[in-house]
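Reader: Please take a close look at one part of this model for me. I would like chain B, with its salt bridges and its contact with the partner chain.

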Amino acid sequence: MGPVAWAAVAAFLLWNAVSLQVDAARVARGWARLSLIAAGAFPPDFARAGLLASGMLESIEIATLSTVFGVLLGLPVAALAARNVVPLSVYAGGRAAITLGRTFHELIVAILFVKAVGFGPLAGILTLTVNSVGFFAKLLAEQIETIDRGQIEAVRATGASRGAVLLYGVLPQVLPRFVGLTIYQWDIHLRQSTIIGIVGAGGIGATLYNAFSRYDYDFALAILLVIVAIVLVGEAVSALARRWVQ
Amino acid sequence: MLEVTALDKTYPGGDHALRAVSFTVEGNDPVFVIGPSGAGKSTLLRCINRLVEPDRGSVRLDGEEITALEGAALRAARRKMGMIFQEFNLVERLTVMENVLSGRLGYVTLWRAWRRRFPPEDVEAAFATLARVGLEGFEGKRADELSGGQRQRVGIARALVQRPKILLVDEPTSSLDPRTSESVLRLIVDLAAEDRIPALVNIHDVPLARAFARRILGLREGAIVYDGPVEGLTDEALARIYGGAVLGEDAR
């Protein structure tokens with residue numbers, strides 16, 4: 001890069017800092033406030049265990065249901081987005097669906113669904129179901145694309161229909177990956193389901209948001225600890241289950 | 001009877017794989033197709049059952065024009081052609097029985113296929129065919145547990161259980177050791193004779209072809225350069241097929 005380019009980059013960064021009001025004094029004041037929050041959060045308060053448990057349970061339910069729906073929706077999309085299964089025109093459509101599913105962060109999708117179906121877990125389930133298409137369908141489509149064509153060719157050669165080729169030639173080759181991805185998707189949804197409540201899509205996130213807005217930092221810390229615990233347990237279950245499948 | 005007339009295929013990449021290939025397979029004797037790798041042997045077999053679309057020409061099986069068929073009619077025609085593959089192409093994660101029964105997929109509904117509820121006569125035929133290829137008692141094993149020779153026997157059973165009018169056999173021994181090669185080829189030739197069907201067998205191993213064939217087709221750069229009895233396969237004829245005075249590695 002020449003000196004002009006360097007100068008342009010420096011000017012751009014400086015302009016960003018000024019326009020976004022990056023200010024050392026404000027950072028210092030914020031630091032002080034953070035330590036206040038930390039002090040208010042200790043010790044964590046588990047007194048409202050019922051509220052916490054029901055929020056957490058709702059998150060787990062959202063994660064589980066959206067995984068079921070996501071897999072049901074993602075399976076056909078994955079088949080339509082695998083170049084070796086469908087003609088190019090169909091493939092383009094399948095890929096477009098996946099790209100659309102990946103374009104927006106789950107919080108943006110959640111805001112849309114909260115507007116559409118109102119506050120509550122239904123919006124969360126819809127959000128994560130859509131989210132699945134971007135993740136589950138994409139990785140499953142890639143798995144379908146790497147399968148051994150010879151096995152499919154052999155099933156085609158018997159005079160099997162397209163559906164039978166899928167059942168006998170494709171499915172056995174992708175099933176282990178399919179199960180692994182489903183478990184992994186659930187693990188990811190569990191994590192995501194704890195955050196989408198912040199925009200009103202149900203689950204423990206809403207409880208957390210309320211705790212913060214009421215300055216109940218000790219309750220907020222209790223919620224955070226439970227989230228950490230559940231996510232870790234979910235991850236462990238998912239890792240064990242996936243190892244068992246392979 | 002299989003009649004192939006002026007079959008021509010050029011792949012999108014520009015590879016002219018078949019050039020006006022014509023021949024007829026009458027009766028039930030096996031026909032062996034030899035030629036260097038890349039001569040178009042595999043393409044020829046796959047253009048016959050339309051796993052590969054030929055550009056021009058005609059393929060007739062017992063008078064039926066295969067190149068004109070679409071959809072269900074094409075699938076019905078494929079049932080009449082049992083194919084055996086170089087890499088066996090078994091569905092690795094399915095059992096031997098499921099692999100053999102997949103030869104009946106063209107005959108059963110998707111619902112039956114899904115529930116593995118094949119008609120009892122199909123299941124009986126599958127057991128009987130497994131016995132014919134010497135794999136009695138192997139039905140519950142998974143395909144990926146088998147040795148190469150055993151896998152190819154399952155491949156043969158899958159093709160035979162279709163009750164085909166012809167076997168299309170693509171380099172059946174290339175993935176096998178010499179001893180197994182011979183027994184597998186022997187099995188294919190014998191079972192085809194028992195079922196009174198011809199086999200069109202691609203093979204690059206000339207001595208093996210000599211040992212089993214009565215009629216040889218020589219393919220070079222997509223064109224038939226020899227079509228005659230195995231006795232006529234002189235050094236001169238081999239040179240025409242494999243090119244030059246020095247025989248290629250394939251022809252040894």
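Author: What follows goes from chain B as a whole to its interface, its salt bridges and a few single residues. Keep in mind that the model is predicted.

Start with the fold. Chain B has nine helices and 10 strands. Its radius of gyration is 18 Å, close to the 18 Å that the globule rule gives for 252 residues, so chain B is as compact as a globular protein of that length. Along the principal axes, its C-alpha atoms fill a box of roughly 55 × 40 × 35 Å.

Next, the inside and the outside. Of the 252 residues in chain B, 52% are buried. A residue counts as buried when its relative accessible area is under 20%. The contacts reach far along the sequence. Take those in chain B with a separation of 6 or more: 67% of them come from residues 24 or more positions apart. The exposed surface of chain B comes to about 10900 Å². Carbon and sulfur atoms supply 48% of that surface.

Now the interface. Here 28 residues of chain B are in contact with 18 residues of chain A. About 2000 Å² is buried between the two chains. Carbon and sulfur atoms give 63% of this buried area. How many salt bridges are there between chain B and chain A? The count is one. Its partners are B:Arg46 and A:Glu153, whose side chains meet at 2.5 Å, N to O.

Widen the view to the whole structure. A search over all chains finds 23 salt bridges. One of them joins B:Arg116 and B:Glu98, at 2.7 Å from N to O. B:Arg116 sits in the loop between α4 (110-114) and α5 (120-132) of chain B, while B:Glu98 belongs to helix α3 (residues 96-101), so this pair ties together parts that are 18 residues apart in sequence. B:Arg116 has a relative accessible area of 33%, so it is partly exposed.

B:Arg132 is worth a longer stop. Its side chain meets that of B:Glu194 in a salt bridge of 3.0 Å, N to O. This pair links distant parts of the chain. B:Arg132 is in helix α5 of chain B, and B:Glu194 is in helix α7 (residues 178-194), 62 residues apart. B:Arg132 is partly exposed, because its relative accessible area is 29%. B:Glu194 counts as exposed, because its relative accessibility is 53%.

B:Arg132 also forms a salt bridge with B:Asp195. There the closest N and O atoms are 2.9 Å apart. Again the pair links distant parts of the chain. B:Asp195 lies in the loop between α7 and β8 (199-202), 63 residues from B:Arg132 in helix α5. With a relative accessibility of 31%, B:Asp195 counts as partly exposed.

Back to the chain boundary. Salt bridges that share partners join A:Glu153, B:Arg46 and B:Asp170 into one network. B:Asp170 turns up again beside B:Ser42. Leaving aside neighbours within four places in sequence, B:Ser42 is in contact with B:Asp170 and B:Asn202. B:Ser42 lies in helix α1 (residues 41-48) of chain B. At 29% relative accessible area, B:Ser42 is partly exposed. What separates B:Ser42 from B:Asp177 in sequence and in space? They are 135 residues apart in sequence and 21 Å apart in space, C-alpha to C-alpha.

One more residue of chain B deserves a look. Is B:Gly140 buried or exposed? B:Gly140 is exposed, because its relative accessible area is 60% and the cut-off for exposed is over 50%. B:Gly140 is found in the loop between α5 and α6 (148-160). Its C-alpha atom is separated by 39 Å from that of B:Ile216, 76 residues away along the chain.

Last, a word on the partner chain. A:Met1, A:Trp6, A:Val9, A:Phe12, A:Leu13 and A:Trp15 make a nonpolar surface patch of about 750 Å². Among them, A:Trp15 is found in helix α1 (residues 3-19) of chain A. A:Trp15 counts as exposed, because its relative accessibility is 56%.

Conventions:
Residues numbered from 1 in each chain as written. Chains lettered and ligands numbered in written order. Predicted model: local features only at pLDDT ≥ 70, side-chain atom pairs only at ≥ 80, totals over all residues. Heavy atoms only, no water. Patch = residues over 30% accessible without salt bridge, like charges linked within 9 Å, V, L, I, M, F, W, Y side chains within 5 Å. Areas by Shrake-Rupley, 256 points an atom, 1.4 Å probe, with all protein chains shown as cover. Salt bridge = Lys/Arg side-chain N within 4 Å of Asp/Glu carboxyl O. Helix = DSSP H or I, 4+ residues; strand = E, 2+ residues; numbered from the N terminus. Buried < 20%, exposed > 50% of the residue type's maximum accessible area, 1.4 Å probe, protein only. Rg over C-alpha atoms; globule rule 2.2 N^0.38 Å. Contact = heavy atoms within 4.5 Å. Buried area = accessible area lost by both parts, 1.4 Å probe.
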